[in-house]
Amino acid sequence: MKPKSIFSNWNTFEQRVLSRGGLAIGLDFDGTLAAIVKDPGKAAMSARTRKALESLAEVCVRRPLAARRGRSAGSGGGLTLLAVISGRSLPDVRRLVKIPGIVCSGNHGLEIDGPGIKFRHRKGLALSKPLGRMARRLSRAMRNYPGCGVNNKRFSISVHYRNARPSDMPGIRRAVRLQALAASRVRGQAGTEAPFRILEGKKVYEIRPRLRWDKGDAFETLLRRFGRGRLPVFIGDDTVDEGAFRKTVQMGGVAIRVQASGESRAPYYLSRQSSVCVLLERILALTRRF
Ligand SMILES: [Mg+2]
């Protein structure tokens, strides 16, 4: 089905939020809350987006914890969860968000920290040592390719190639495949199946443990705890957000993809990243009706 503009369908959205007594929001960071920049270390939210998010967090924090845990479906349920779920490491997400009351999740949901929750995926944690070794080998291999950066995120590795020379791409791809395969083989001999997989995001290779866990599972975990009964809303921009879109739709919620290009599980779209703050402001106005 062709995705529809969330703004053109605002009345329907509003009705869905009101009929569920409020909403629970999950957001991606890069390309969603912050514009994509050349150097991922320099990504940041705009002042307007930060302000909207801070105001939303206040609405979320003001509510008593018992109600946030879904025990009370009474009044004031405008917003029961505000979570940023990113592919970055958790410390990185916390540093970039830095707003009290917001749940932060890193490594595509493998680690979560926030008011009333601390979660680490156990199998993911067990694979952090071989991942560290792989990151060191990859860093050595990438020295041959200027403009490439390797980021060990403890639960996964990112190889950024936004600034790499196009002629180096086949070499970079080969090196990433080789290292992921080598690490998988060593683990394979120990009696486990190949535990790592490579995913392609926007100008980045992600090497992740082959676990049945993505942003969608993290969002579902958070919804069960903080969003029971409320309308789940997930906003993301990338193929790595599709798991969360699928789960959100399955749970009767609203999935919105920023700058949708090609196939997506999200039934709604926002045409550009800079519209995310407008959406947050409109949601904020909506929460005032509870
Ligand atoms: Mg993104």
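Start with strands E7 (residues 149–152) and E8, which run antiparallel and are joined by four bridges. Strands here are DSSP runs of E with at least two residues, helices are runs of H or I with at least four, and both are numbered from the N terminus. Two strands count as paired if DSSP finds at least two bridges between them. The model is a predicted one: local features need pLDDT of at least 70, side-chain atom pairs count only at pLDDT 80 or more, and totals for chains, interfaces and linings use all residues. Residue numbers start from 1 along each chain as its sequence is written.

**Around E8**

Select Asn152 and Ile157: Ile157, in E8, is the bridge partner of Asn152. Now step into the hairpin of E7 and E8. Four residues lie between the strands, and Arg154 takes a positive phi near 75°.

Next, colour strand E8 (residues 157–160) by face. Ile157 and Val159 are on one side, Ser158 and His160 on the other, and all are buried. Buried means that 20 or more other C-beta atoms lie within 10 Å of the residue's own; exposed means 12 or fewer, partly exposed is in between, and C-beta atoms are placed from the backbone. In a regular strand the side chains alternate between the two faces of the sheet.

Add strand E10 (residues 204–209). E10 pairs with E8 in the antiparallel sense over four bridges. Ser158 stands opposite Glu206 in E10.

**Ser128 and helix H6**

Go to Ser128, in helix H6 (residues 128–142). Ser128 has 17 other C-beta atoms within 10 Å, so it is partly exposed. Leaving out residues up to four places away in sequence, Ser128 touches Arg154 and Phe155. Contact means C-beta atoms, placed from the backbone, within 7 Å. Now measure across to Met251: from C-alpha to C-alpha, Ser128 and Met251 are 31 Å apart in space, and 123 residues apart in sequence.

**The nine-stranded sheet**

Select the open sheet of nine strands. The order is E1-E13-E12-E11-E2-E3-E4-E5-E6, with mixed pairing. Its edge strands are E1 (4–5) and E6 (117–120), each pairing on one side only. Zoom in on E4 (residues 103–106) and E5 (residues 111–114), an antiparallel pair with three bridges. There, Gly106 has Glu111 in E5 as its bridge partner.

Show helix H8 (residues 215–226) as well. H8 packs on the sheet and touches E2 (23–27), E3 (79–85), E4, E5, E6 and E11 (231–236). The direction of H8 makes about 155° with that of E3. Axes are lines fitted to C-alpha atoms, for helices over the stretch in contact, and angles between N-to-C directions run from 0 to 180 degrees.

**Two domains**

Colour domain 1 (4–121 + 213–287) and domain 2 (126–209) separately. These bounds come from an automatic or database domain assignment. The domain centres, taken over C-alpha atoms, are separated by 28 Å. At the junction, 15 residues of domain 1 are in contact with 12 residues of domain 2. On the domain 1 side, four are nonpolar, seven polar and four charged.

**Whole chain**

Zoom out. The chain has 10 helices and 13 strands. Its C-alpha atoms fill a box of roughly 55 × 35 × 35 Å along the principal axes. Of the 290 residues, 44% are buried. Among contacts between residues at least 6 apart in sequence, 57% join residues at least 24 apart.

Key
Two residues are in contact if their C-beta atoms, placed from the backbone, lie within 7 Å. Ala, Val, Leu, Ile, Met, Phe, Trp, Tyr, Cys and Pro count as nonpolar, Asp, Glu, Lys and Arg as charged, and the others, Gly among them, as polar.
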